[in-house]
Amino acid sequence: MKKQLARYGAIFMTALLLAACGGGERTVSADASAEIPEEILGELDEETLQELVEEPRYVALTFDDGPRRDTTSVLLDGLLERGVPATFFVIGRQIPGNEDLLKRMKAEGHQIGNHTYDHTRLLTAEPDKVVEEIHKTEVLLTELLGEGDYWLRPPYGAIGKTRAALVKTPMIYWTVDPEDWKTLDAAQVTEHVVSHVEPWGIILLHDFYPTSVQAALDIIDQLQAEGYTFVTVEELFRIRGVEPKAGCLYASPDKLRSLS
Ligand SMILES: [Zn+2]
């Protein structure tokens with residue numbers, strides 16, 4: 001009997017978790033063409049028409065594994081020059097000595113998130129360790145930048161259901177991964193991202209590598225020319241009208257990752 005109850009308990013918890021992350025429904029939808037009167041639509045040239053009827057293309061650039069003094073500084077300069085906000089998922093142990101970089105990120109409108117203290121694989125870590133790894137970085141960020149909702153990107157994008165239930169913020173995966181840490185080739189990384197990106201996407205890069213910083217700036221220049229607007233991950237969800245839930249892993253506002 002006891003065993004059976006425990007089993008039902010587990011099924012119930014799974015159902016709860018599914019229900020908890022299952023939502024992610026859009027509350028806002030934009031259809032610009034629906035608002036333009038017929039007679040005006042007929043008068044417009046092709047290019048203007050295209051601009052008017054197309055939904056704005058929003059995309060978010062995210063950077064993991066920083067901060068790193070030499071590379072992150074160059075990236076911040078490039079983002080500032082282009083007026084582009086990004087999202088940084090920082091490793092806690094790299095914060096001491098780089099406090100000024102974190103303050104600069106916040107002052108310049110970037111979103112800052114948590115990438116654990118020690119870049120720990122949360123999929124296999126003991127539950128206590130999972131909580132500690134997230135908490136230690138959260139404390140550092142709070143002391144430095146004030147209270148905030150520091151969203152988590154699990155290292156390697158990997159976390160299971162039971163550990164995810166311990167996470168008190170939304171978790172962010174990605175839609176485009178050019179494996180910049182492996183190729184270490186700015187042109188190749190740029191080409192991969194530009195050819196795979198879609199509106200509402202989340203691009204994964206690492207501000208730890210000079211080649212990735214160069215790629216990021218080239219990606220911005222190319223995608224801006226294609227009509228993309230860069231926003232932080234938080235803004236991407238807000239504009240899309242999706243309220244992300246704690247303990248759920250999102251590849252984008254429209255795509256939830258199922259947890260193993
Ligand atoms: Zn990482």
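Buried residues make up 39% of the 260 residues in the chain. The model is a predicted one. With the whole chain displayed, one may pick out 11 helices and 8 strands. Among contacts between residues at least 6 apart in sequence, 75% join residues at least 24 apart.

**First stop: the nonpolar core**

Select A60, M171, I203, A216 and L249. Within the largest nonpolar core, which has 60 residues, these five touch the most other members. Helix α10, residues 210-225, supplies the largest share of this core, namely 7 residues.

Next, centre the view on M171. Which residues does M171 touch, leaving aside those up to four places away in sequence? They are W151, L152, R153, P154, I159, A164, C248 and L249.

**Second stop: helix α5**

Select residues 99-107, which form helix α5. The buried residues here are L101, L102 and M105. Turn the view to look down the axis of α5: the buried residues fall within an arc of 100 degrees, so they line one face of the helix. An α-helix has 3.6 residues a turn, so residues three or four places apart point the same way. Now rotate to the other side of α5, where D100, K103 and A107 are exposed.

Return to the buried residues of α5 and display what surrounds them. They pack against two helices and two strands that may be selected in turn: α4 (69-82), β2 (87-90), β3 (111-114) and α6 (127-145). Then follow the chain just past the end of α5 to G109, which takes a positive phi of about 85 degrees.

**Third stop: helices α9 and α10**

Two packed helices are described by the angle between their axes and the distance between the axes. Select α9 (residues 186-196) together with α10; they pack at an angle of about 40 degrees, with their axes 8 Å apart. Because angles under 35 degrees count as roughly parallel and those of 65 to 115 as roughly perpendicular, this angle makes α9 oblique to α10. The crossing of α9 past α10 is right-handed.

To see the contact itself, show the side chains on both helices. From α9 come A186, V189, T190, V193 and V194, and they meet T211, S212, Q214, A215, D218, I219, Q222 and L223 of α10.

E191 also belongs to helix α9. Is E191 buried or partly exposed? With 16 C-beta neighbours inside 10 Å, E191 counts as partly exposed. A distance drawn between the C-alpha atoms of E191 and A215 reads 8.9 Å, although the two residues are 24 apart along the chain.

**Fourth stop: backbone geometry in two loops**

Most residues other than glycine have a negative phi, and most peptide bonds are trans. The loops below hold exceptions.

Select the loop between β1 (57-64) and α4, where P67 lies. The peptide bond from G66 to P67 is cis, with omega near -5 degrees. D65 is found in the loop between β1 and α4 as well. Although D65 is not a glycine, its phi is positive, at about 75 degrees. D65 is buried, having 23 other C-beta atoms within 10 Å.

Finally, move to the loop between β3 and α6 and select H119. What phi does H119 have? H119, which is not a glycine, has a positive phi of about 55 degrees. This residue is partly exposed, with 15 other C-beta atoms within 10 Å.

Methods:
Residues are numbered from 1 along each chain as its sequence is written. This is a predicted model: local features need pLDDT of at least 70, side-chain atom pairs count only at pLDDT 80 or more; totals for chains, interfaces and linings use all residues. A nonpolar core is a set of buried Ala, Val, Leu, Ile, Met, Phe, Trp, Tyr and Cys residues joined through C-beta atoms within 7 Å. A residue is buried if 20 or more other C-beta atoms lie within 10 Å of its own, exposed if 12 or fewer, and partly exposed in between; C-beta atoms are placed from the backbone. Helices (H or I, at least four residues) and strands (E, at least two) are DSSP runs, numbered from the N terminus. Two residues are in contact if their C-beta atoms, placed from the backbone, lie within 7 Å. The arc is that of the directions from the helix axis to the C-beta atoms. Axes are lines fitted to C-alpha atoms, for helices over the stretch in contact, and angles run from 0 to 180 degrees between N-to-C directions. Angles under 35 degrees count as roughly parallel, over 145 as roughly antiparallel, 65 to 115 as roughly perpendicular and the rest as oblique. A crossing is left-handed if the near helix is turned anticlockwise from the far one by less than a right angle, and right-handed if clockwise.
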